[in-house]
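Colleague: I've got a model open and some bench questions piling up. Can you walk me through it?

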Amino acid sequence: MWTLKRKTRGEALFDFLNTLGMVLICFVTVYPIWYVLVNSFNDGTDAMSGGIYWWPRQFSLENFGAVFRSEGIMIAMGITVAKTLVGTVAHVFFTAMVAYAFSRKGLIGGKFYILMGTVTLFFGGGLIPTYLLIRDLHLLDNFLVYIIPVLFSFFDLIIFMTFFREIPEGLEEAARIDGANDWSIFLRVVLPVSMPVLATIALFHGVYQWNDYFTGMIYINNTDLQPIQTYLYRVVAESSSNQMMAAVPGGVTRSVTSQSIKLATMVVTTAPIVFAYPFLQKYFVKGMMIGSIKG
Amino acid sequence: MERKIETRVSELPSERDGKARKWWRKLLGQRHLQTMALLGVAWMFIFNYIPMYGIIIAFKEYNIVDTIANAPWVGLDHFREFLQDDELGGVIRNTLGISLIKLVIGFPLPIIFALFLNELRSVKFKKTVQTISYLPHFLSWVILGGILATWLADVGIINNMLIGLGLITEPISYLAEPKYFWGIVITSDIWKELGWSAIIYLAAMASVSPEQYEAATMDGAGRFQKMFYVTLPNIRPTIAILFILAVSGVLNSNFDQILVLRNSLNESASNVIDIYVYQTGIQQGRFSYSTAVGLLKSVIALILLLIANGVTKKLNNTSLF
C-alpha cells in the first residue's frame with residue numbers, strides 16, 4: 001500500500017516548513033490586533049514612550065473607564081447597536097420575503113422581475129444620484145437612512161432563492177391542503193426550515209451594519225445620530241483626536257491620553273464581532289459556498 | 001377543486017376569452033405572492049432605477065435648488081472638462097497603479113495560500129488556521145485604519161523597530177508621505193483579505209476526487225507536482241471566474257479603505273477615481289460634474305467586464321455569462 005509508506009525526508013521537510021509558514025501567517029494576522037489590545041489596557045501616559053509589545057507594562061482600566069463615561073461615545077454605540085439589530089432583522093425578513101415570491105414556479109412576471117434585479121448587479125446610479133434620491137426622500141439626518149436604502153439586496157436574494165428552491169414541495173403542499181395561504185406558508189413553513197441561510201445573511205448584513213461608517217458620514221450631520229464607526233472615522237482619519245478628548249468629561253487626566261482612548265474605543269467597537277465570530281463562522285462558510293456557486 | 005375549474009374554463013366557447021380569464025384567475029390565486037414580489041420590485045424601482053434615471057444630470061447643468069427634469073442640457077461638457085482637468089493624469093495613475101499591483105500580487109496570493117493550506121495533514125490545524133485567517137475580513141476599515149495609524153506613528157512599533165535595528169535614525173511619518181501610500185494600501189488589503197479570498201478556492205479543492213491524487217502518487221509525483229498538476233488544473237474554472245471579476249474591478253479602488261487612509265499630505269498618491277468623485281460631488285457640490293466622472297467609470301468598467309469575460313471564455317471555456 002502506497003499510503004502506508006513512510007514519509008520520505010523531503011515529505012517531512014515539506015510538512016514542517018508548511019506548518020511553520022502557516023503558524024507565521026497566523027501570528028502576522030493576530031499580532032496587530034493583540035498589540036492594540038495590550039496597549040489599550042496600559043496606562044495612557046506610560047504607553048506614549050512605546051515598547052509595549054506583549055503585555056501591559058502599567059495595567060490600567062482607566063482608558064475604558066473614560067470610554068464608558070463619554071456620552072458621545074455611548075450615544076454612538078447605541079446608534080450602532082440599534083441600526084445593526086433593526087437593520088438586520090428588516091433586511092433579512094424583507095429580502096427573504098421577496099426571494100420566496102421570486103422563487104415560486106409560475107409566478108406571473110417572475111422572469112421580468114429577476115431580469116430587473118440582475119441589471120442592478122452590473123449597473124447602478126452611483127454616488128450623487130443616490131445622494132439626491134436620499135435627500136428627496138427626506139432621509140438626510142434620519143435614522144431610517146440606515147435601514148430603508150439597504151432593506152433589500154438582489155445578491156442576497158439569489159442566495160435565498162437557491163436555498164428555497166431546494167425545500168421539498170411536499171411541505172408546502174401539506175400546508176396548502178390545510179388551507180394555508182402564501183403568507184402563512186412563508187412565515188410558518190419556509191422561514192422555520194431556512195434557519196441556516198437566514199443566519200448566514202443575517203451575519204453578513206449584521207457585520208455590514210456594524211462596520212459601515214460611510215452612511216453616517218455623508219447622510220448624517222446630527223452627531224447624536226452617528227454610529228460609532230463614523231465617530232471613530234472622524235477621530236482616526238481626520239486625526240482630530242482633540243475632539244475625542246473634548247468628549248471625555250474632565251478632559252485629559254494624568255493617565256489617559258487621546259491615543260489611549262482611541263485604542264480603547266477601537267477595542268470596545270471590535271469586541272462584539274470578535275466574540276460572536278467563533279459561533280457564527282460555521283454559517284458564513286456555508287453561505288459563501290452557496291453564494292459562490294451562483295455568483 | 002383546482003382541476004374542476006380548469007376544465008370548465010377550457011370548455012368555454014371562445015379560446016382567447018378563456019385564456020384571459022385563466023390568466024386573471026391565476027393572478028388572483030397568487031395575489032399574496034404578487035404582493036410580496038411587488039414590494040421588492042417597488043424597492044428596486046426606487047433605490048436602483050430612480051438613481052439610474054438620475055444619471056442624466058451628467059449631461060445637464062444640475063442646480064441644487066432645481067429639479068432634475070428642469071435643469072438645462074449641456075451635452076458632453078462635463079466629460080470634456082474632466083478629460084482636460086489637471087488632476088486627470090494623477091487620478092488615472094493612482095487608480096490603475098494601485099489596482100494593477102493589487103491584481104498582480106493580491107490575486108495570486110490567496111490561491112497560493114489555499115494550495116499550501118490544502119496540503120496540511122491535520123484537519124484540526126487546517127481549520128484553526130482558516131478561522132484565524134478570516135478574522136481580519138470582519139474588521140472595519142476604520143478600525144484597521146486606527147491600527148495602521150498606531151503601528152506607523154512616530155513612536156509606533158515600526159519606527160521603534162527600525163530605529164532599534166539602526167536602519168533609520170529619525171522616525172518616518174509613513175502616512176504623511178505619498179511614496180509609501182501605495183505600499184500601505186496594498187499590504188493592508190492583503191493582510192485583511194488573504195484568508196477570506198482563499199475560501200472559494202478551498203471549496204473548489206475540496207471537491208477534487210482523492211483518486212486523482214492517488215493516481216499521481218502512483219506515478220511518483222511529489223507534493224509540489226501534485227499541487228501543480230492535480231490541484232491547480234481542478235480549480236482553474238474558479239480562478240477564471242474570479243479573474244474576470246477582478247479585471248472588471250480595476251477601476252474600483254477600495255473606496256472604504258482609501259477614504260480612511262488618505263489625508264491632505266499623501267493626496268498626490270491617494271487621489272483615485274472614487275475619491276475624486278466623492279470630493280467633487282459631496283464635498284464641492286459639483287453634482288453634475290461628479291456624476292459624469294462616475295458614469296464614465298461605470299461604462300468603462302462594464303466594457304472591461306465584457307472583454308475579460310470574452311477573453312476567458314475563448315482561452316478557458318469558462319465564463320460568467
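Colleague: Let's start with helix 13 of chain B: which of its residues are buried?

Modeller: This is a predicted model, where local features need pLDDT of at least 70, side-chain atom pairs count only at pLDDT 80 or more, and totals for chains, interfaces and linings use all residues. Residues are numbered from 1 along each chain as its sequence is written, while chains are lettered from A and ligands numbered from 1 in the order in which they are written. Buried means 20 or more other C-beta atoms within 10 Å of a residue's own, exposed means 12 or fewer, and partly exposed is in between, with C-beta atoms placed from the backbone. By that rule, the buried residues in helix 13 of chain B are B:I239, B:A240, B:I244 and B:S248.

Colleague: Why do those residues sit on the same side of helix 13 of chain B?

Modeller: Take the directions from the helix axis to the C-beta atoms; the arc is theirs. Helices here are DSSP runs (H or I, at least four residues; strands are E, at least two), numbered from the N terminus. The buried residues share a side of helix 13 of chain B because they cover an arc of only 160 degrees around the axis.

Colleague: And what covers them?

Modeller: Contact means C-beta atoms, placed from the backbone, within 7 Å. The cover over the buried residues of helix 13 of chain B includes helix 6 (108–118) and helix 17 (287–316) of chain B.

Colleague: Moving to the interface, which helix gives the most to the side of chain B that touches chain A?

Modeller: In total, 64 residues of chain B are in contact with 70 residues of chain A. With 15 residues, the top contributor on the chain B side is helix 3 (residues 31–54) of chain B.

Colleague: How many residues on that side of chain B are charged?

Modeller: Sort them this way: Ala, Val, Leu, Ile, Met, Phe, Trp, Tyr, Cys and Pro are nonpolar, Asp, Glu, Lys and Arg are charged, and the others, Gly among them, are polar. The side of chain B that touches chain A then has 40 nonpolar residues, 19 polar ones, and of charged ones, five.

Colleague: Which helix supplies the largest share of the largest nonpolar core?

Modeller: A nonpolar core is a set of buried Ala, Val, Leu, Ile, Met, Phe, Trp, Tyr and Cys residues joined through C-beta atoms within 7 Å. The largest has 102 residues, and A:V98, A:A99, A:Y100 and A:F160 touch the most other members. The largest share, 13 residues, comes from helix 4 (residues 71–103) of chain A.

Colleague: Where in chain A is confidence lowest?

Modeller: pLDDT is the predictor's confidence in each residue, from 0 to 100. Chain A has a mean pLDDT of 87, with 87% of its residues at 70 or more. Helix 4 of chain A is highest at 97, and the lowest, at a mean of 49, is helix 13 (residues 241–247) of chain A.

Colleague: Is A:P278 buried or exposed?

Modeller: A:P278 belongs to helix 14 (residues 258–294) of chain A. Since A:P278 has 10 other C-beta atoms within 10 Å, it counts as exposed.

Colleague: Last one: how far apart in space are B:F228 and B:L115?

Modeller: B:F228 lies in helix 12 (residues 223–234) of chain B, and with 13 other C-beta atoms within 10 Å it's partly exposed. B:F228 and B:L115 are 113 residues apart in sequence, yet C-alpha to C-alpha the distance is 9.1 Å.

Conventions
Two residues are in contact if their C-beta atoms, placed from the backbone, lie within 7 Å.
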